[in-house]
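Hello,

Here is the structure I promised to pass on. Please have it open while you read the notes underneath.

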Amino acid sequence: MTDTSTQPIDQRLKRVLRHMPAPVGIVTSTTDGGEPIGLAMSALMPVCLEPPAMAICVNRSASAHAPLVDSGQFCINLLHSGIDGHMRPFADPAERASRFTQDDWRRHDPSGLWYIAGAAANLFCTISERVAHGTHDLIIGRVDALYAAEGDDVLGWGNGALGRLQPLVPA
């Protein structure tokens, strides 16, 4: 084990988190004018089943933060390997103009939220709580509707790259 105790704790934590696998998704919402906005993120997680809820963690300095909170809703689009190309426009600011240009984007009725048809899952949420901590807000949303694909191919983030999250032994 490498002794990193002389490094600041935030750098050590970042290094640890780099090796902690997490699902990745594109979280979408809308502006007041109905324009789609989105963020690539791995800071998403289930909260509970009763009531069904998911949480996302968004930096308050992100351009999508205020519109997402103001809209009161969001959609978590979990990705599979067949649609991994959706990540680049949301993760790379230089690719921002190509967001929402793929032909599999749809608008959910009645929420108006944009989602990726055929994604591993789309979870449509209404914000029920928001907790500020440091630079981020933990945003909890009640799951109002969802679409789920049949497969078990879900993309994750680990060791600084995209990869598949799959069971070692099939269920």
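**Backbone notes**

Please keep in mind that this is a predicted model. I started with Phe 100, which is in the loop between helix H3 (87–91) and E7. Its phi is positive, at about 60 degrees, although Phe 100 is not a glycine. Is Phe 100 buried or exposed? Its relative accessible area is 18%, so Phe 100 counts as buried, the cut-off being under 20%.

Next come two cis peptide bonds. One of them joins Glu 50 and Pro 51, with omega at about -5 degrees. You will find Pro 51 in the loop that links strand E4 (44–49) and strand E5 (52–59). The other runs from Asp 109 to Pro 110, and there omega is near 20 degrees. Pro 110 also belongs to a loop, this one between strand E7 (105–107) and strand E8 (114–116).

Finally, have a look at the hairpin that E2 and E3 form. How do strand E2 (residues 25–30) and strand E3 (residues 36–41) run, and how many bridges join them? They run antiparallel, and 6 bridges hold the pairing. If you would like a residue pair to find on screen, take Ile 26, whose bridge partner in E3 is Ala 40. Between the two strands there are 5 residues. Gly 34 sits in that turn and has a positive phi of about 85 degrees. While you are looking at the strands, remember that side chains in a regular strand alternate between the two faces of the sheet.

Happy browsing, and best wishes!

Technical notes:
Residues are numbered from 1 along each chain as its sequence is written. This is a predicted model: local features need pLDDT of at least 70, side-chain atom pairs count only at pLDDT 80 or more; totals for chains, interfaces and linings use all residues. Side-chain values use heavy atoms; hydrogens and water are left out. Helices (H or I, at least four residues) and strands (E, at least two) are DSSP runs, numbered from the N terminus. Buried means under 20% relative accessible area, exposed over 50%, partly exposed in between (1.4 Å probe, protein chains only). Two strands pair if DSSP finds at least two bridges between them.
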